[in-house]
Amino acid sequence: IIPMLSVYIFYGKKWERIAAIVATPVIVNAFMMTRSRGGFVGLAIEVVLLFWGYAYYAKKNKLKITAGAIVFFFVLFSLMDPGFKKRIFDFGDTQEEDRMEQVSAGRTEIWKAGLVMWKDFPFGVGGGSFIELSPDYVPSHLLEKSVGKRASHNSYLLVLCEQGIQGMLVFVLFVR
């Protein structure tokens, strides 16, 4: 939603502009706190496409739009804490299987365990139950040391396991 707020800032009614300007720092801060690599990649792609679309429809403002995109990324990068920057840009040698596993945090194994959980409970296990049942399904070396549990790291899998196939159908209708 961050890039889409710029539409309200530039083209919205007065109250929409004010709301977008007030909401932007809060949303950017929430984004920064997630420290999500996938979220950052998604944001970067969305910003590039949004500014490309602006440039296509506003041919006379291409220089301003390009400068705006560069400034946006500069500001965003300056707001990132060093740990987030390292998390985003430090992939190391991903050709080594151990390093790739470290970067992915065992997500593929967690997803496989989630599918096994879903097969055991095709109509769901209830809200919040994936993390509670994770010690029974997720390999022990992937469980978080402090709590002995693990999150699903996949919204679709989480909904499928917790709400079952009927919940997944409703969820997909919302996403659509």
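How many salt bridges does the structure hold? Keep that question in mind for a moment, everyone, and thanks for coming. What you see above is a predicted model, and I'd like to walk you through it.

The answer is 1 salt bridge. Its partners are the side chains of Glu 132 and Lys 149, which meet at 3.0 Å, N to O. Glu 132 sits in helix 8, while Lys 149 belongs to the loop between helix 8 and helix 9, so the pair ties together parts that are 17 residues apart in sequence. As a reminder, side chains of opposite charge can pair when their charged atoms come close. Are these two partners tucked away or out in the open? Something in between: Glu 132 is partly exposed, at a relative accessible area of 47%, and Lys 149 is partly exposed too, at 24%.

Now let's step back and look at the whole chain. The protein chain has 176 residues, and 29% of them count as buried. Its secondary structure comes to 9 helices and 0 strands, so if you read along the sequence you meet α-α-α-α-α-α-α-α-α. The accessible surface comes to about 12000 Å², and carbon and sulfur atoms account for 67% of that. What about contacts across the sequence? Taking those between residues at least 6 apart, 56% join residues at least 24 apart.

Next, please find helix 7, residues 107-120, and helix 8, residues 129-137. At what angle do the axes of these two helices cross? They come within 10 Å and cross at roughly 100°, and helix 7 and helix 8 are therefore roughly perpendicular to each other. On the helix 7 side, the contact is made by Ile 110, Ala 113, Gly 114, Val 116, Met 117 and Asp 120. Helix 8 brings Phe 130, Leu 133, Ser 134 and Tyr 137.

Let me pick out one residue from each side. Ser 134, in helix 8, is buried, with a relative accessible area of 0%. Which residues does Ser 134 touch, not counting those up to four places away in sequence? They are Met 117, Leu 143, Lys 149 and Arg 150. You have met Lys 149 already, as the salt-bridge partner of Glu 132. From the other side, take Val 116, which lies in helix 7. At 43% relative accessibility, Val 116 counts as partly exposed. The C-alpha atoms of Val 116 and Val 138 are separated by 9.6 Å, with their positions 22 residues apart along the chain.

Helix 7 has another partner to show you, and that is helix 9. Are helix 7 and helix 9 roughly parallel or roughly perpendicular to each other? They pack at an angle of about 10°, with their axes 9 Å apart, and are therefore roughly parallel. Helix 7 contributes Ile 110, Trp 111, Gly 114, Leu 115, Met 117 and Trp 118 to this contact. From helix 9 come Leu 157, Leu 160, Cys 161 and Ile 165.

Now let's turn to His 153, in the loop between helix 8 and helix 9. Although it is not a glycine, His 153 has a positive phi of about 60°. His 153 is partly exposed, with a relative accessible area of 34%. Leaving out residues up to four places away in sequence, His 153 touches Arg 107, Ile 110 and Trp 111. C-alpha to C-alpha, His 153 and Thr 108 are 9.4 Å apart in space, yet 45 residues apart in sequence.

Here is another pair of that kind. Ser 36 lies in the loop between helix 2, residues 14-34, and helix 3, and is partly exposed, with a relative accessible area of 26%. Ser 36 and Ile 88 are 52 residues apart along the chain, and their C-alpha atoms are separated by 7.9 Å.

One last stop, on the surface. Which residues form a nonpolar patch there? They are Val 41, Ile 45, Leu 49 and Trp 52, with about 450 Å² of accessible area together. Ile 45 is found in helix 3, residues 37-57, and at 48% relative accessibility it counts as partly exposed.

That is the tour. To recap, we have a chain of 9 helices, with 1 salt bridge and a nonpolar patch on the surface. Thanks for listening!

Technical notes
Residues are numbered from 1 along each chain as its sequence is written. This is a predicted model: local features need pLDDT of at least 70, side-chain atom pairs count only at pLDDT 80 or more; totals for chains, interfaces and linings use all residues. Side-chain values use heavy atoms; hydrogens and water are left out. Patches are made of residues with over 30% relative accessible area and no salt bridge: like charges are joined within 9 Å, nonpolar side chains (Val, Leu, Ile, Met, Phe, Trp, Tyr) within 5 Å. Accessible areas come from the Shrake-Rupley method with a 1.4 Å probe; for residues, only the protein chains shown count as cover. A salt bridge is a side-chain nitrogen of Lys or Arg within 4 Å of a carboxyl oxygen of Asp or Glu. Helices (H or I, at least four residues) and strands (E, at least two) are DSSP runs, numbered from the N terminus. Buried means under 20% relative accessible area, exposed over 50%, partly exposed in between (1.4 Å probe, protein chains only). Axes are lines fitted to C-alpha atoms, for helices over the stretch in contact, and angles run from 0 to 180 degrees between N-to-C directions. Angles under 35 degrees count as roughly parallel, over 145 as roughly antiparallel, 65 to 115 as roughly perpendicular and the rest as oblique. Contact means heavy atoms within 4.5 Å.
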